[in-house]
Number of protein chains: 2
Amino acid sequence: MRREGALADLGSWQPTRCSLALAMDVIGTKSAFLLLREAIYGTTRFDDFVRRVGITEAVAAGRLKELVEAGILAKQPYREPGQRTRSEYVLTEKGEALFPAMLALIQWGDEYLQPDGGPVEFVADETEAEVRVDVRTDQGDRVGLDGLRLRRR
Amino acid sequence: MRREGALADLGSWQPTRCSLALAMDVIGTKSAFLLLREAIYGTTRFDDFVRRVGITEAVAAGRLKELVEAGILAKQPYREPGQRTRSEYVLTEKGEALFPAMLALIQWGDEYLQPDGGPVEFVADETEAEVRVDVRTDQGDRVGLDGLRLRRR
DNA sequence: CCGTATCCACAACGATACTG
DNA sequence: CAGTATCGTTGTGGATACGG
């Protein structure tokens, strides 16, 4: 694979326009990633985020506020019958769209950082089929880094 | 989707065993992500990493060393005919395995953070077909966060 | 249950200068 | 080309205490 040549062909590269750099400006901290993992796992309550992620309330409050401002989480008041009003943080569509990225990182960790694979996996609700993330062409063929090149849009 | 219930069913949760937390301990900085993006784009030389990522030499040197120690990059001396010996940083198999995660983040940024989509895209070398990353069951059906649940391994 | 307020430690990063 | 050295600033996060 001659990706370097392919990149050079693209000419001058604008780091500020890179989508990954923009993404990391929004979610580029460990705590943000772990909060998002929890949100994907279904956690919605402040207290659960704090306990399950293992961060302090101050950090959780700050990060959650940033994620809400970024439109990734929505903070909604709700009231169970007979209870007082509480807050919950739920993923927006923008937030749910991060699921492939999160799952890809979890999968990578399962495979290369865990001695015996990861502790949990996602399965389809009915069929129990395990779900995985991978890279495919629009024809549906799975592809790796070899055999790819960059194209300017 | 009742993921919260599904998670609660899993009982006590060990944050330290989470693959995402382990992954973030290794690549959990903005500069690490951007260096990996460059490596995936085909960059191999110190100087190019510094210029294209837009970080200082000190940061690049430190991060690259960590990525080498983590087994994600390999530092190799090489010599072009008639030139002096240089160093290059190439992705190991472990490093290449991060491609789906990186592409997923880039895709997310393209879609939600860029006004007109991202500046570049990956295409298959021969067919020119655009490649994308998504989540599927092992039967090949694309699935979203709804309709999934967690299962303990 | 859902946070805020302070203080502190350290990690991450930029700027600059310098070396083989 | 491929780094190292030093300095200063900001970001990130832990600990603790406190309030609606």
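Reader: Are α7(A) and α2(B) roughly parallel or roughly perpendicular to each other?
Author: In this predicted model, the axes of α7 (residues 99–112) of chain A and α2 (residues 19–27) of chain B come within 8 Å and cross at roughly 85 degrees. Axes are lines fitted to C-alpha atoms, for helices over the stretch in contact, with angles from 0 to 180 degrees between N-to-C directions. Under 35 degrees counts as roughly parallel, over 145 as roughly antiparallel, 65 to 115 as roughly perpendicular, and the rest as oblique. Therefore α7(A) and α2(B) are roughly perpendicular.

Reader: What conventions apply to the model?
Author: Residues are numbered from 1 along each chain as its sequence is written, while chains are lettered from A and ligands numbered from 1 in the order written. Side-chain values use heavy atoms, without hydrogens and water, totals for chains, interfaces and linings use all residues, local features need pLDDT of at least 70, and side-chain atom pairs count only at pLDDT 80 or more.

Reader: Which residues of α2(B) meet α7(A)?
Author: Helices (H or I, at least four residues) and strands (E, at least two) are DSSP runs, numbered from the N terminus. Contact means heavy atoms within 4.5 Å. From α7(A) come A:M102, A:L105, A:I106, A:W108, A:G109 and A:D110. Their partners in α2(B) are B:S19, B:L20, B:A23 and B:I27.

Reader: How many residues surround DNA strand D, and which are closest?
Author: A residue is near a strand if one of its heavy atoms lies within 4 Å of it. Of the atoms of strand D within 4 Å of the protein, 70% belong to sugar or phosphate. The count is 19 residues, and the closest are A:S31, B:D47, B:K75, B:R86 and B:Y89.

Reader: Which element gives the most to the surface near DNA strand D?
Author: Polar side-chain atoms of B:D47 and B:K75 each lie 2.8 Å from a phosphate oxygen of strand D. For A:R63, that distance is 3.0 Å. Elements giving two or more residues include α3 (30–41) of chain A and β2 (86–91) of chain B. With four residues, the top contributor is α5(B).

Reader: Which element gives the largest share of the surface near DNA strand C?
Author: Here 20 residues surround the strand, with A:K75, A:R86, A:Y89, B:S31 and B:R63 closest. A polar side-chain atom of B:S31 lies 2.6 Å from a phosphate oxygen of strand C, and one of A:Y89 lies 2.9 Å from a phosphate oxygen. The largest share, four residues, comes from α5(A).

How values were computed:
A polar contact is a pair of N or O atoms within 3.5 Å; within protein, one must be able to donate a hydrogen and the other to accept it, and residues adjacent in sequence count only if both atoms are side-chain atoms.
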